[in-house]
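Here are some exercises for you to try with the sequence and the 3D view side by side. Have a go at each task before you read its solution.

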Amino acid sequence: MSELTRPIAEEARNGHRPRVVIVGGGFAGIHAARGLANLPVDVTVVDRRNHHLFQPLLYQVALAVLSPADIAQPIRSILRRQANAQVLMDEVVELDVAQRRVRLGSGAQLDYDYLVLATGATHSYFGHNDWEPYAPGLKTVEDAIEIRRRVLLAFELAERHMVEHGWHPPLNFVVIGGGATGVELAGAVSDIAQLYMRHDFRHIDPTKSRVLLIEGSPRVLGAYPPDLSAQAEATLHRLGVEVRTSTHVTVVGPGWVEAGGERIEAVVTLWAAGVQASPLGQMLGCPLDRRGCVVVDDRLNPPGVPEVFVLGDLAHLEQDGRQIPGVAQPAMQMGDHIARILAADLAGQPRPAFRYFDKGDMATIGRMAAVAKVEWPFKAHLTGMPAWLTWIVIHIFFLIGFRNRFSVFWNWVWTYFTFTRGARLITGDQHLPGWNHLEIQVDESDRGR
Ligand SMILES: Cc1cc2nc3c(=O)[nH]c(=O)nc-3n(C[C@H](O)[C@H](O)[C@H](O)COP(=O)(O)OP(=O)(O)OC[C@H]3O[C@@H](n4cnc5c(N)ncnc54)[C@H](O)[C@@H]3O)c2cc1C
């Protein structure tokens, strides 16, 4: 028994209920909170947003298949039946590990016996934060709505320009980063241009749009086995996406991208290239990896602080010599494991080690294609329609709430058979960064596309 667990076990026997503060209501935080439902602890979940977001389907909001409410649910409603849990919408701005206290943006403070940090990660511009206004990344509902605005607005501005001037700047969409998010975005933008928009405009031809996917490493989906990467690239080509691998983006400007020594005019640029951990990890004063993730042991603790757990994308945990990936499954499994550890502490037992059970990975590429590396219940590499159907079933299954499942399923069926997108709304202003520049820069040869 550790120095920490002995008093906690004794206090629990004397009726003291340990206070567990969970920061972050993502996959890891929600699974941690729900797992503690039947333990004699008091749980406070703090999130700066009021909703839990199913990020794997965010690109479908960005590309107008789903509405935000289909993939997000108030944290408060997820935990409403859990008597030992309360929810605070607030931002944690400071950690005091010595005093076991967190300070919130509102000025309030919360004391804890256990702290669970699950604040995730966000996109990184590799030190070029000035690129962000020209190339938004995808992490939040707001990001998805902004990407949707830009993609849909590009077609509208082109139509308007065509009516006024008889030509329009080329509709080039550039996606930077060939990981799962970049591949999904590129495939979906291509689908919009080739399938969903083609009958909607009178003056422009959306099918003449170009979609470019730029990846710095030699293959897309670099974390997947080479055969699935190759299959993904072939599928992207079939959809009309120009894939440029081993190509580094050196500058992103308003309406253009410089990559591999070439300047590419871009009506919309999307960023899916880098990830960095939530800055909260730094406040622990514990070792971090190069992306700012907190290095934890197999009990999910940073060294020397057994009352603090770091989970999900914010954690750097190695298993069998490899880092556990920053995806949804490990985050959920780490969240579930917190209840086992706390139950052991309350019983005065040694803490069980966490072990990640890898069930596989999958990424979609447009309307009816996907690649899947299945590890459980059987081992297989799936591609095409079987992978896509597997993807659909799994994503429906993991959505929280019956209403969301039904609504997403219905939207997919509707989109699939009618070729119409459910949420094709442009909200916000009618400004595209770089549009004026494209109007001026356009080469004579591009006119009339
Ligand atoms: C576009 C996209 C697509 C993805 N696709 C897939 C996929 O297909 N399959 C897959 O397995 N994984 C996918 N992922 C990765 C997966 O979503 C993450 O691995 C997972 O969400 C990590 O869970 P988490 O709980 O660690 O963090 P998150 O889910 O990011 O949750 C972190 C929470 O912390 C809150 N927070 C952050 N800072 C603070 C603060 N200071 N105070 C209070 N609250 C705070 C945030 O509001 C958020 O609710 C995708 C991610 C993205 C962005």
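The exercises below move from one helix to a strand pair, then to the domains and the cores.

This is a predicted model, in which local features need pLDDT of at least 70 and side-chain atom pairs count only at pLDDT 80 or more, while totals for chains, interfaces and linings use all residues. Residues are numbered from 1 along each chain as its sequence is written, and side-chain values use heavy atoms, with hydrogens and water left out.

**Exercise 1. One helix, two sides**

Task: Find which residues of helix H10 are buried, and explain where they sit around the axis.

Solution:
- Step 1. Locate the helix: H10 spans residues 384-398 and has 15 residues. Helices (H or I, at least four residues) and strands (E, at least two) are DSSP runs, numbered from the N terminus.
- Step 2. Check its length. From first C-alpha to last, H10 reaches 21 Å, close to the 21 Å expected at 1.5 Å a residue; the expected span is 1.5 Å times one less than the number of residues.
- Step 3. Pick out the buried residues: Ala 387, Trp 388, Trp 391, Ile 392, His 395 and Ile 396. These cover an arc of only 165° around the axis, so they are on the same side of H10. The arc is that of the directions from the helix axis to the C-beta atoms. Buried means under 20% relative accessible area, exposed over 50%, and partly exposed in between (1.4 Å probe, protein chains only).
- Step 4. Look at the other side of H10, where Val 393 and Phe 397 are exposed.
- Step 5. Recall the rule behind this pattern: an α-helix has 3.6 residues a turn, so residues three or four places apart point the same way.

**Exercise 2. What covers the helix?**

Task: Name elements that cover the buried residues of H10, then look closer at Gln 60 and at strand S24.

Solution:
- Step 1. The cover includes helices H3 (58-62), H7 (180-196) and H11 (402-418), together with strands S24 (360-364), S25 (370-374) and S26 (380-383).
- Step 2. Gln 60 lies in H3. Gln 60 counts as buried because its relative accessibility is 8%.
- Step 3. Contact means heavy atoms within 4.5 Å. Leaving aside neighbours within four places in sequence, Gln 60 is in contact with Val 65, Leu 66, Trp 391 and Trp 412.
- Step 4. In S24, four of its five residues are buried. S24 and S25 run antiparallel, joined by five bridges; two strands pair if DSSP finds at least two bridges between them.
- Step 5. Across this pair, Asp 361 stands opposite Lys 373 in S25. The hairpin has five residues between the strands, and Gly 366 takes a positive phi near 80° there.

**Exercise 3. Domains and cores**

Task: Work out where the largest nonpolar core lies relative to the two domains.

Solution:
- Step 1. The chain is divided into domain 1 (5-48 + 90-124 + 275-346) and domain 2 (129-273 + 368-441), with bounds that come from an automatic or database domain assignment. Their C-alpha centres lie 34 Å apart.
- Step 2. A nonpolar core is a set of buried Ala, Val, Leu, Ile, Met, Phe, Trp, Tyr and Cys residues joined through side-chain atoms within 4.5 Å. The largest one has 132 residues, and Leu 36, Phe 155, Phe 173 and Leu 311 have the most contacts inside it.
- Step 3. Helix H6 (residues 141-165) gives the most to this core, with eleven residues.
- Step 4. Both domains give residues to this core, so it lies between them.
- Step 5. Apart from it lies another core of 14 residues, among them Val 174, Val 249, Val 252 and Ala 259.
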